[in-house]
Amino acid sequence: MTGLPYRIANSGLLQPLDAHDLDRDPRGIVWIWEEPHPGSVYCVGVDPSVGITSWDRTLRTQDDSKTDNGAIELIRVGRDRDYQVAEYAAPIDPEDLADVANALGRLYGGTDEEGQALCIIEVYPGPGLLTQRRLMNQFGYLNQFVWKYIDAAVPRPTGSYGWVASSKSVPLLWARTARHILKGGLRIRSPWLVEEMADAEIDPQKMWAKAIRGRHDDRLRAMMLAVWAAHEWSLDIESEKTEVNTNASAPEWQASDISADKMMEAWEERWAELSE
């Protein structure tokens with residue numbers, strides 16, 4: 001189901017896009033599947049990229065599709081299920097991405113007293129710190145995810161804002177959010193996010209996935225971050241290592257005509273096989 005298309009105006013407000021402004025390229029458009037509700041809780045996942053300074057849909061080139069997108073995913077947090085409500089992806093630079101995140105995070109402020117949805121940004125490695133600093137310093141957007149560890153009975157906040165990707169945190173991000181999604185804990189509305197999920201190739205040694213060569217996984221990463229923050233998951237201290245069959249080959253969904261439902265089933269079976 002395709003959402004309603006909007007653009008971010010210079011005022012920071014959303015403006016509907018006319019049909020003549022649309023084509024098969026979804027980049028640079030805010031896609032909305034649910035209008036904001038003041039009684040709901042929302043989370044914003046942000047995966048910045050270096051991008052292209054001053055990129056605009058009207059100035060697209062044939063090669064800019066090869067540039068990684070800065071991606072934003074918004075979810076409404078439910079009791080038994082989360083719902084994707086909005087999405088944005090475009091090859092814009094990290095500071096421009098902060099402008100979009102500010103507009104969407106405030107639009108979906110929900111129950112937060114300051115009208116700011118909880119925002120989680122991948123700050124390292126990569127340029128995400130620029131996005132976070134602009135959000136906090138320029139826009140006063142302070143409802144930011146705080147990094148936590150579990151090294152005792154109670155999670156311990158570190159005082160550091162944002163998500164840090166590492167050889168330990170990424171497998172945990174993948175394992176927990178993939179399980180949540182595959183168990184039906186998230187209603188996905190974006191066909192472009194489903195496409196990225198189909199293009200995610202599992203590395204059986206590192207126990208995480210990344211996009212196959214020539215494709216993108218920015219929406220998927222942003223969505224996983226949003227789900228992680230929404231459920232206040234923390235990093236467990238690794239207690240033991242699990243041996244993995246490294247000879248298993250990853251399924252090549254991108255070379256088949258598999259449906260989204262069948263892809264999800266195959267993804268779940270593959271993950272269960274690697275986790276045994």
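How many disulfides does the structure hold? Before I answer, let me say that what we have in front of us is a predicted model, and that every value I mention is computed from it.

The answer is zero disulfides. Cys43 takes part in no disulfide, and the nearest cysteine sulfur to its own, which belongs to Cys119, is 9.0 Å away. Because a pair of cysteine sulfur atoms has to lie within 2.5 Å to count as a disulfide, that distance of 9.0 Å does not qualify. For anyone who would like the reminder, a disulfide is a covalent bond between the sulfur atoms of two cysteines. As for their surroundings, Cys43 is buried, with a relative accessible area of 2%, and Cys119 is buried as well, with a relative accessible area of 1%.

Let me now step back to the whole chain. The protein chain has six helices and 14 strands, and of its 276 residues 47% count as buried. Looking at contacts with a separation of 6 or more, we find that 71% of them are between residues 24 or more positions apart. The protein chain exposes about 14,400 Å², and carbon and sulfur atoms supply 47% of that area.

I would like to turn next to strand β4, which covers residues 41–47 and is mostly covered, since six of its seven residues are buried. On the one hand, β4 runs antiparallel to strand β5, residues 70–77, and seven bridges join these two strands; here Asp47 stands opposite Ala71 in β5. On the other hand, β4 pairs in the parallel sense with strand β7, residues 118–124, over four bridges, and in this pairing Val46 has Ile121 of β7 as its bridge partner.

Finally, helix α2, which spans residues 128–138, has as its buried residues Gly128, Thr131, Gln132, Leu135 and Met136. Seen down the axis of α2, these buried residues fall within an arc of 115°, and so they line one face of the helix. The general background is that an α-helix has 3.6 residues a turn, so residues three or four places apart point the same way. The face of α2 turned away from the buried side carries the exposed residues Asn137 and Gln138, and just after the helix Gly140 takes a positive phi of about 65°.

To return to the opening question, the structure holds zero disulfides, and both cysteines I described, Cys43 and Cys119, are buried.

Conventions: Residues are numbered from 1 along each chain as its sequence is written. This is a predicted model: local features need pLDDT of at least 70, side-chain atom pairs count only at pLDDT 80 or more; totals for chains, interfaces and linings use all residues. Side-chain values use heavy atoms; hydrogens and water are left out. Buried means under 20% relative accessible area, exposed over 50%, partly exposed in between (1.4 Å probe, protein chains only). Contact means heavy atoms within 4.5 Å. Accessible areas come from the Shrake-Rupley method with a 1.4 Å probe; for residues, only the protein chains shown count as cover. The arc is that of the directions from the helix axis to the C-beta atoms. Two strands pair if DSSP finds at least two bridges between them.
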